[in-house]
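Grab a pencil and work through these short exercises. Try each task yourself before you read the solution.

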Amino acid sequence: MRRYAHIRGWGKYVPERVMTNDDLARIVDTNDEWIRSRTGIAERRIVGETDTTTSMAVKAAIEALSMADCDPSTVELIVVATMTPDRVMPATATAVQDVIGADRAAAFDLGAACSGFVYAYSVASQLVSSGAYKNALVIGAESMSHILDWNDRATCVLFGDGAGAFYLEANESPGGMLAFELGSDGSGGELLTGPTVGNSYKPLCGPDLKLQALEMNGRAVFRFATKIMGKAADAAIQEAGLTREDIDLFIPHQANIRIIESAARQLKLPMEKVYVNIHRYGNTSAASIPVAFVEAVEEGRLKRGDNVVVVGFGGGLTWGAAVVKWVAEPVPVESSGARVARNWFRYQRARIGSFQNRMGHVVDEWIETGARIVAKQKRRRE
Ligand code: ACO
């Protein structure tokens, strides 16, 4: 029996702090008119003191799991797409695993810049529909504001922070991801680069930690994006055995309204069939597609049986498109009292479990240190 990876839950989190174009005009030589007309962005969210990539990923994940009323201890796989992890190691996905108490889950991060979520969703979807895992949590989470050069008006006005998540579950009725198309062109790697811990780039933070801000050749990336979005979408649509006319909603990576409009023109899709929220959040990289998807559902833009195309592009260069058959019934976001109580219990249990596990590591350390001291004393006596 064929299995399908259905989207059973979805969630998003964006930081509370809003940064408008006027706010940016006080930092760099720019203005609201330029940013709106060249990019479509009016404002973006920026992480506050307490937000991290992990905390945003956790909030989006908990919302997705709550919607599906899923006990996190049953989650089998967690994939986080990010290029702004809190640390290079450990992976953000393992931190999420610990916080939510997903004791049985394999967890890893995936890096494909702004295409990361489509890559992560494709990988997780295949692992679930192949039968390797019964379910998976796929998250796109970014703190882009941490890697921006706030003196560079050509880049700092474009990006924002946030996270979005899908909870996927195996099901035998058709639905979920029908097809995907992923691609890369490393020859364009230098067109869009970010922080490094390696030797070959110029240091920004001194010799110990080599951190480089995001750098971009905007025009070249623009050219690449307008060429690839339509092509990738067409390839995925064809792979799914559909035509452009079958597409009910197009959810592109929210990088620039002009890129989105160009892709819509190539695909001959009217803008009514295109979901846009770039004015609210700017480019949130790997979080942009899941946040847009969640908002499209919340706004009632999807109905059962709709075919949705998501397309991302970004650093690498990378790109990814997927066709999704939407079969989930949009459910009210409000939680029932019982669900709230169940969730409270689940995440308290996760907290206690995490504490016990941490104590376990400490006790193991004590036991091993004690054993070493005893062995050393024994050797001395002999
Ligand atoms: N405010 C005011 N003026 C500005 C600003 C700004 N924030 N930024 C640049 N300018 C100026 C430039 O200096 C230039 O001035 P000049 O003509 O005197 O030299 C002028 O505006 C035009 O600059 P362009 O770079 O030609 O502007 P363009 O219309 O190409 O828009 C932009 C720039 C918005 C960056 C566009 O090229 C773009 O969106 N590129 C794609 C970027 C993208 O999608 N990146 C994300 C990839 S996803 C990932 O993996 C992270």
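**Exercise 1.** Which helices and strands each supply at least two residues of the shell around the ligand?

Before you start, this is a predicted model, where local features need pLDDT of at least 70 and side-chain atom pairs count only at pLDDT 80 or more, while totals for chains, interfaces and linings use all residues. Residues are numbered from 1 along each chain as its sequence is written, and side-chain values use heavy atoms, leaving out hydrogens and water.

*Solution.*
- Step 1: Helices (H or I, at least four residues) and strands (E, at least two) are DSSP runs, numbered from the N terminus.
- Step 2: The elements you want are α2 (32–39), α6 (153–156), α7 (218–239), α8 (257–266) and β12 (306–314).
- Step 3: The largest share, 4 residues, comes from α7.

**Exercise 2.** Describe the shell around the ligand and find polar contacts to the ligand.

*Solution.*
- Step 1: A residue belongs near the ligand if one of its heavy atoms lies within 4 Å of it. There are 28 such residues, and the closest are Thr30, Arg38, Cys114, Arg219 and Asn256.
- Step 2: Sort the shell into 15 nonpolar, 8 polar and 5 charged residues. Here Ala, Val, Leu, Ile, Met, Phe, Trp, Tyr, Cys and Pro count as nonpolar, Asp, Glu, Lys and Arg as charged, and the others, Gly among them, as polar.
- Step 3: Look for pairs of N or O atoms within 3.5 Å. A backbone N or O atom of arginine 153 sits 2.9 Å from a ligand nitrogen, and a backbone N or O atom of glycine 218 also lies 2.9 Å from a nitrogen of the ligand. In asparagine 256, a side-chain N or O atom is 2.7 Å from a ligand oxygen.
- Step 4: Now the surface: alone, the ligand exposes 1,000 Å², and the protein buries 77% of that. These areas come from the Shrake-Rupley method with a 1.4 Å probe.

**Exercise 3.** How do the axes of α3 and α4 cross?

*Solution.*
- Step 1: Two packed helices are described by the angle between their axes and the distance between the axes.
- Step 2: The axes, lines fitted to C-alpha atoms over the stretch in contact with angles from 0 to 180 degrees between N-to-C directions, come within 9 Å for α3 (residues 53–67) and α4 (residues 92–100), crossing at roughly 55°.
- Step 3: That makes α3 oblique to α4. Under 35 degrees would be roughly parallel, over 145 roughly antiparallel, 65 to 115 roughly perpendicular, and the rest is oblique.

**Exercise 4.** Find the cis peptide bonds that lead into proline 90 and leucine 317.

*Solution.*
- Step 1: From methionine 89 to proline 90 the bond is cis, with omega near 0°. Proline 90 is in the loop between β4 (77–81) and α4.
- Step 2: From glycine 316 to leucine 317 the bond is cis too, with omega near -10°. Leucine 317 is in the loop between β12 and β13 (318–326).

Definitions and conventions. A polar contact is a pair of N or O atoms within 3.5 Å; within protein, one must be able to donate a hydrogen and the other to accept it, and residues adjacent in sequence count only if both atoms are side-chain atoms.
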